[in-house]
Amino acid sequence: MSFPMTNKYAHLGRTCQFTVGKAPRASIRPMASASPLTFSKYHGLGNDFILIDNRHSSEPVVTPEQAVKICDRNFGIGGDGVIFALPPVGDTDLTMRIFNSDGSEPEMCGNGIRCLAKFVADVDSAAPRKYKIHTLAGLIQPELLADGQVRVDMGEPILEGAKVPTTLAPTQGSTVVSQDLAVEGRTYKVTCVSMGNPHAVIYSCDGNTIKIDDLDKELATLGPKFERNTVFPARTNTEFVEVVNPSHVRMVVWERGAGRTLACGTGACALVVAGILEGRLDRERTCRVDLPGGPLQIEWSTVDNHIYMTGPAELVFNGTVRT
């Protein structure tokens, strides 16, 4: 069932009209700043985004400063970021760009790219298919499955420490695995992985394995200490992980530019790679990663060395907003 909802946002100073139902059928047209902007809100396990069909222009129709206002959960639409479907580059189907809720621009987003694929398919009324999407992290290929899930070929992980990037000393060849990092008077074992964006993955602290229920209480204080630590020159996403068994983990995440979120797709991929490198997880089996918003299935293929992520992407509502 579809029904209209209206809401006045004092911070934006204008009225927003939302419509719950199917995604819009047509691309938005170029518009003046005073005109309403058509959007759809999607989420992947609670990691929520404002999606804009921007395929008429190679530049986003929203500025980073406007994205901050739109993402505000009290005075805006609310979201972890604004994602733009832009024209394709080369032989791709489209280009993805994203502004985080703080206005910064990451290379890509795992949950976000699932939402983008579902959004474009809904806008175009397309049957389940695979998309080739150009991102700042390279080519990413999500595939909409018949059961509604989205399986994403995330490509190969980047393991060379200098390319993650981190200045922590490598421990396995050029890779930073279980390296000591002192934060707030405690020593964390950090493994650094890039999925096109940087991740610091932590399975233990002061010689003890991570317990998510305990760590979660400290995340708001601890997360920024990792994100902006000087050993991560591009800042970093940080995952704290508890092993249930060699093919099942629990995690919480502090995302670069967004803070605490309910899910992080690239983080789920990175922590599986890190867990395998540390000898905690079994590469021969698909790993279930329990995030605060729900589970993802992650596979590090022994055939092509690519990471495959499978999870949901769901429409929340459609609407217009004056920026």
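**Entry 1: the β3–β4 hairpin**

I began with the hairpin of β3 and β4, in which two residues lie between the strands and L45 adopts a positive phi near 60 degrees. I note at the outset that the model is predicted. I then looked up the pairing of the two strands and found five bridges, with β3 and β4 antiparallel. For the register I recorded that K41 stands opposite I50 of β4.

**Entry 2: the other pairing of β3**

I next asked which way β3 (residues 36-44) and β20 (residues 314-322) run relative to each other, parallel or antiparallel. These strands are antiparallel, and eight bridges join them. One pair I wrote down is H43 with E314, its bridge partner in β20. I kept in mind that side chains in a regular strand alternate between the two faces of the sheet.

**Entry 3: backbone details in loops**

I turned to the loops. Between V164 and P165 I found a cis peptide bond, with omega about 0 degrees. P165 sits in the loop that links β9 (150-153) and β10 (179-183).

R235 is not a glycine, yet its phi is positive, near 65 degrees. I located R235 in the loop between α4 (219-227) and β14 (237-245).

N305, also not a glycine, has a positive phi of about 70 degrees. Its loop lies between β18 (294-300) and β19 (307-311). Is N305 buried or exposed? I entered N305 as partly exposed, because its relative accessible area is 25%, which falls between the 20% limit for buried and the 50% limit for exposed.

**Entry 4: cavities**

I searched for enclosed space and found two cavities of 30 Å³ or more. The largest cavity holds about 120 Å³. I listed 15 residues in its lining, and N100, P106, M108, C109 and E255 are the ones nearest its centre. Two elements, β4 (47-53) and β6 (94-100), each give two or more residues to this lining. By class, I recorded seven nonpolar, five polar and three charged residues in the lining of the largest cavity.

Where does the largest cavity lie with respect to domain 1 and domain 2? I placed this cavity between them, because domain 1 (3-155 + 313-321) and domain 2 (161-305) both contribute lining residues.

**Entry 5: the largest pocket**

Last, I looked up the largest pocket, which contains about 150 Å³ of space. Ten residues line the pocket, and V68, C71, D72, R73 and S101 are closest to its centre. I noted that the pocket lining divides into three nonpolar, three polar and four charged residues.

Methods
Residues are numbered from 1 along each chain as its sequence is written. This is a predicted model: local features need pLDDT of at least 70, side-chain atom pairs count only at pLDDT 80 or more; totals for chains, interfaces and linings use all residues. Side-chain values use heavy atoms; hydrogens and water are left out. On a 1 Å grid over the protein atoms alone, a cavity is a set of points where a 1.4 Å probe fits but cannot get out, and a pocket is an open set with protein on both sides within 12 Å along at least five of seven lines; lining residues have an atom within 4 Å of a point. Grid points are joined across faces, edges and corners, and a volume is the space filled by probe spheres set on the points. Helices (H or I, at least four residues) and strands (E, at least two) are DSSP runs, numbered from the N terminus. Ala, Val, Leu, Ile, Met, Phe, Trp, Tyr, Cys and Pro count as nonpolar, Asp, Glu, Lys and Arg as charged, and the others, Gly among them, as polar. Domain bounds come from an automatic or database domain assignment. Two strands pair if DSSP finds at least two bridges between them. Buried means under 20% relative accessible area, exposed over 50%, partly exposed in between (1.4 Å probe, protein chains only).
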